[in-house]
Amino acid sequence: MGKPKHPGRLSETEARTVVRNLRTSPQKLNLVAASIRGLSAEAALAELTFSKRRIANDVKKALQSAIANAENNHQLDVDRLYVSEASVGRSFVMKRFRARARGRAGRIMKPWSRLTVVVREREETA
């Protein structure tokens, strides 16, 4: 009695993975995601391996998962994959406070993010 299933918007040459709760702000995560957009899968993995940012390891795991999904679920050629989309969104925010002078409180926001990585197979150039 619910809504009908939404058809997947991925084409036959795409695979994706979604990481729902990453403990970093979307702004910081988007800097790492921007560094891999449009790169080949190998180059993106190398970029994330040698990145100094803490969240790069989690983004690398997500990319490896998308590559595995492409290979195992969609039978795509791993050597021709590239990162077609790496989008970042906001998840929930934990709100905390810190005691300040004269009975006041300082607000502490602890944001969480979500990440979607889509890999696509390059077309043959003959």
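Start by selecting Arg23, Lys28, Arg53 and Arg54, which gather on the surface as a patch of positive charge. Patch members have over 30% relative accessible area and no salt bridge, with like charges joined within 9 Å; Lys and Arg count as positive, and the charge is placed at NZ of Lys or CZ of Arg. This is a predicted model, in which local features need pLDDT of at least 70, side-chain atom pairs count only at pLDDT 80 or more, and totals for chains, interfaces and linings use all residues. Residues are numbered from 1 along each chain as its sequence is written, and side-chain values use heavy atoms, without hydrogens and water.

Stay on Arg23, in the loop between strand S1 (14–22) and helix H1 (26–36); helices (H or I, at least four residues) and strands (E, at least two) are DSSP runs. Arg23 has a relative accessible area of 35%, partly exposed (buried is under 20%, exposed over 50%, partly exposed in between, with a 1.4 Å probe and protein chains only).

Next, the salt bridges: there are two, each a side-chain nitrogen of Lys or Arg within 4 Å of a carboxyl oxygen of Asp or Glu.

- Select Arg120 and Glu14: their closest N and O atoms are 2.1 Å apart. Arg120 lies in strand S3 and Glu14 in strand S1, 106 residues apart. Glu14 is buried at 7%, whereas Arg120 is partly exposed at 27%.
- Select Glu121 and Arg80: here the closest N and O atoms are 3.8 Å apart. Glu121 is buried at 12%; Arg80 is partly exposed at 28%.

Technical notes. Patch = residues over 30% accessible without salt bridge, like charges linked within 9 Å, V, L, I, M, F, W, Y side chains within 5 Å. Areas by Shrake-Rupley, 256 points an atom, 1.4 Å probe, with all protein chains shown as cover.
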